[in-house]
Amino acid sequence: MLKYVLKRLLYVFVVLFLISIIVFSLIHMIPGDPIKIMLGIRAKPEQIEELRKQLNLDKPIVIQYILWLKNILRGDFGLSIRSKEPVLELILKKLPATIILSTAALFFSSILSIFLGIIAGYKRNSKFDISVMVFAALCVSIPEFWLGIMLILFFASYLSLLPSMGYESFLINPIMSIKHLILPALSAGFVLTGHTTRMTRSQMIDVLNQDYIKTARAKGLKEQVVILRHALKNALIPVVTVIGMQFGYLLGGTVIVEQIFAWPGIGRLVLQSISNRDYPVVQGVVLITAFLFVLINLLVDIFYRFLDPKIRLE
Amino acid sequence: MMNKNNRNIKNLDSKKIDSFLITSKKDHFIEIIRMFFNNKLAITGGFIIFIIILVAIFADFIAPYDPFLVDSSNSLAPPSKLHIFGTDQFGRDLFSRVIFGTRISMTVGIFSVLISAIIGTMVGAFAGFYGGIVETILMRIMDTIFSFPTILLAITLAAILGPNTLNVIIAIGIIYIPIFARVVRSTVLANKQKDYVEAAVSIGQKNFNILFFHILPNCISPIIVQATVAFAEAIIIEAGLSFVGLGPPPPSPSWGRMLSDARQYMTDYPLLAIFPGLAISITILGLNLLGDGLRDILDPRLKSSNIGLNYKI
C-alpha cells in the first residue's frame, strides 16, 4: 500500500510539473505582444518596457520558466495588472466562496442521486426506475447555465422567493446566506446529479447480481439487512470516489454559474481577469485549480484503495 | 419424433445456415443496422439528430427571415403569425436565429470531435501498441490535459486564442483528445493479446499494418460511442463559451450568445431565453439518447465478435 502511494506521488509530481509548463506557456500563446495587450492601447513605451522587465519577458524562455517556477514555489504568483494586488492573496480571498458553492452543489447532488440510484437499481425496470432514468437523461442534457437562468426567472423574478444573485456570509446572516446559496448550488450540481444517479443505479444492479447477495438472501436474512449491510457498502465505494473527483472538478468548473449568480468565487475572478486581460491572475487561477484537481484525485484514489478491502489487502 | 427430425433436417439448408453466421463484414454491418432500428433509444436520438442536421444544412430554406436582419421598430415582439417565436431586442426573428444556430452548434461539434478523435486515436493507438517509454510520455501528457477542469481550460484557451468559431473548435478539439486516447489505448491493449495479432506477427506482417488493419477496426465502436458523448459536450461548451462572450462574435446566432443577450430582457420577455435553451437541450438530449442506444448495440456485440478475423491475413 505504501509503495503504491509513493509511486502515485511520483507520478503526481510529474503531472504537476507538466501542468506548470502548460500554464507558463499560456501567456506566450497569445497572438501578438502580450505586454501591449495587457496594458492596453494607451500604454507608453516606458510602461511597456517596465512591465516586460517585471515579468521577465525579456529573457530567454527557459530562464523565464525557471524564474517563474521559483517564484511560484515561494508563493509569489505575481501581481494583478489591474489592482496591483498579489495574485495569490486575491485568489485565496475568493476561493472560500467557490468551496462553499461546490460543497453545497455536491451535497444536494449526491444525496438526491444516491437515493434515487439505489431505489432505481433495486427496482430495476419498474416505473420508478424508468422515470429515474428519464430524469437522469434530462439532467445531463440541460445546460447548467440555462437551468440557472430559468431558476432565476421562476424563483427570483416570478415568485420573488429567492435572491437572484450575490453572496451573504453565513456568520453575518445565516438564513439569507442559505437563500443566496440555493439556486447557484442547484444549477451547479444539476448535471452531476444525472451522472451520479446513473452510476449509482448501475453499481446497485451489478452488486445485486453478485453471488454473495444470493447467499445472504438464502441464509434467510431480512431484505433490509441484505441491502444495508451487504449491498450498499460495495455498491457505493466507486460512487463515493466519483463524487470526490466531482468536487475537484467543481472547484474549477463553476465558472459560468458564478457569473450568472454574481457569486464572488474564483470562477468569476477568472472571467473578470480575462476581460481585463489580467493574465497573471488567469495563470494563477488555472494553476491552482489544476493543482487542487490533481491532489484531490490523488487523495480520492488512495482513499478508495483504502476503503475497498479487496484492494487494500493486496 | 421421426417426422420432427425429418422436418428439421429438410429445413436446414445452406442458405439458412448462412443467415445465422456472420461471415463477412457486410453481414456484420447489416446486423448492426438491424439492431439499430430495433433499439428505441438509438432511433429516437438518431431521429432528433437527423432532423437537426437537416435543419442545419437547409437553414437557408427553412428559416422565414434572414437571421441578421435588424428591424428596430419591431423589437421584442411576442410570438405572432409573422414571427413564430417573436423577435429579439434588435427586431431579428427569433425562430430564424434559432434555426441558423443549429449550423454553428453542428459545425463546432463535428469538427472539434473530428480533431479530438483523429489525434486522440493516433496517440492512444501508438501508446497502447508500442508501450514502454512512448506510452509513458504520451499518456502523461494526456493526463496533464485531463487535469484541467474542462470549462476552465476551454475558457482560457478561447480567451487566449481569440473569440471566433475556429478557435472554439481548436480549443474544444484539444480538450477532448485525452478521452479518445484513453479509450483507444485500453482497447488496443486488450486486443494486443489476442490470437489473431500473434498470427499476423508470425506471418511477418509489419507492425503498422497490424495496428491499422487489424486492431483499429475493433476500436471503432468505443470511438463512436465516445464521439457522441464528446459531440454533446462540445455543443454545451460552445454554448457556454458564447454565453460568456468567448465564442463566435456577434451578430452570430449562436444559441449561447442568444441566451446571454436575453438575460437583460428576461423578466419581461422570457421567451428570448427559453427558446435557445430549449434548442440546446433538445439537441443534447438527442445526442445522449443516440449515444446510449449505440452503447447498448455496439459494446456487447463487439466483445463477442472478432472483426479482425474477417480481414485477409
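Q: Helices here are DSSP runs of H or I with at least four residues, and strands are runs of E with at least two. How many helices and strands does chain B have?
A: Bear in mind that this is a predicted model. Walk along chain B from the N terminus and the elements read α-α-α-α-α-α-α-α-α-α-α-α-α. The tally for chain B is 13 helices and zero strands.

Q: And how many helices and strands are there in chain A?
A: Starting at the N terminus, the elements of chain A go α-α-α-α-α-α-α-α-α-α-α-α-α-α. The C-alpha trace of chain A spans about 85 × 60 × 35 Å along its principal axes. Its count is 14 helices and zero strands.

Q: What share of the residues in chain B is buried?
A: To count as buried, a residue needs 20 or more other C-beta atoms within 10 Å of its own. In chain A, with 314 residues, that picks out 38%. In chain B, with 313 residues, the buried share is 45%.

Q: Take the contacts in chain B with a separation of 6 or more: what percentage comes from residues 24 or more positions apart?
A: Chain A gives one number to start with: 71% of its contacts between residues at least 6 apart join residues at least 24 apart. For chain B, the share from residues 24 or more positions apart is 72%.

Q: The contact of the two chains takes 32 residues from chain B and 34 residues from chain A. Which element gives the most to the side of chain B that touches chain A?
A: Four helices of chain B give two or more residues each to that side: α7 (132–146), α8 (150–161), α11 (207–243) and α13 (271–304). With eight residues, the top contributor is α13(B).

Q: How does the side of chain B that touches chain A split by class?
A: Chain B brings 32 residues to this contact. By class, they come out as 20 nonpolar, nine polar and three charged.

Q: Which residues have the most contacts inside the largest nonpolar core?
A: This core holds 155 residues, and α11(B) gives the most to it, with 18 residues. It also draws at least three residues from each of domain 1 (16–73) and domain 2 (92–307) of chain A. One of its best-connected members, A154(B), touches A171(B), I172(B), I175(B), I237(B) and L241(B), leaving aside neighbours within four places in sequence. The full list of residues with the most contacts is V270(A), A154(B), I155(B) and I172(B).

Q: Is α12(A) largely enclosed by the rest of the structure or left open?
A: Its buried residues are I266(A), G267(A), R268(A), L269(A), V270(A), L271(A), S273(A) and I274(A). Their cover includes α5, α11 (255–260) and α13 (279–307) of chain A, together with α8 of chain B. Since eight of the ten residues of α12(A) are buried, the helix is largely enclosed.

Q: Which residue takes a positive phi just after α12(A)?
A: The helix α12 of chain A covers residues 266–275. Just after it, a positive phi of about 60° belongs to R277(A).

Q: How are α5(A) and α12(A) oriented to each other?
A: Helix α5 (residues 87–122) and helix α12 (residues 266–275) of chain A pack with their axes 7 Å apart, at an angle of about 130°. Angles of 65 to 115 degrees would count as roughly perpendicular and those over 145 as roughly antiparallel, so this pair is neither and counts as oblique.

Q: Which residues of α5(A) and α12(A) make their contact?
A: By class, the residues of this contact are four nonpolar, two polar and one charged. From α12(A) come I266(A), G267(A) and L269(A), and from α5(A) come I91(A), K94(A), L95(A) and T98(A).

Q: Chain A is assigned domain 1 (16–73) and domain 2 (92–307). What distance separates their centres?
A: The two domains touch, with nine residues from domain 1 and eight residues from domain 2 of chain A. On the domain 1 side, α1 (2–26) and α2 (34–39) each supply at least two residues, and α1(A) gives the most, with five. That side has eight nonpolar, one polar and no charged residues. Taken over C-alpha atoms, the centres are separated by 36 Å.

Q: Does L69(B) count as buried or exposed?
A: L69(B) sits in the loop between α5 (59–62) and α6 (94–130) of chain B. Its C-alpha is 8.6 Å from that of F90(B), 21 residues away in sequence. A residue with 12 or fewer C-beta neighbours within 10 Å is exposed, and L69(B) has 12, so it counts as exposed.

Definitions and conventions: Residues numbered from 1 in each chain as written. Chains lettered and ligands numbered in written order. Predicted model: local features only at pLDDT ≥ 70, side-chain atom pairs only at ≥ 80, totals over all residues. Contact = placed C-beta atoms within 7 Å. Nonpolar A, V, L, I, M, F, W, Y, C, P; charged D, E, K, R; others polar. Axes fitted to C-alpha atoms, helices over the stretch in contact; angles between N-to-C directions. Parallel < 35°, antiparallel > 145°, perpendicular 65-115°, else oblique. Core = buried A, V, L, I, M, F, W, Y, C linked by C-beta atoms within 7 Å. Domains from an automatic or database assignment.
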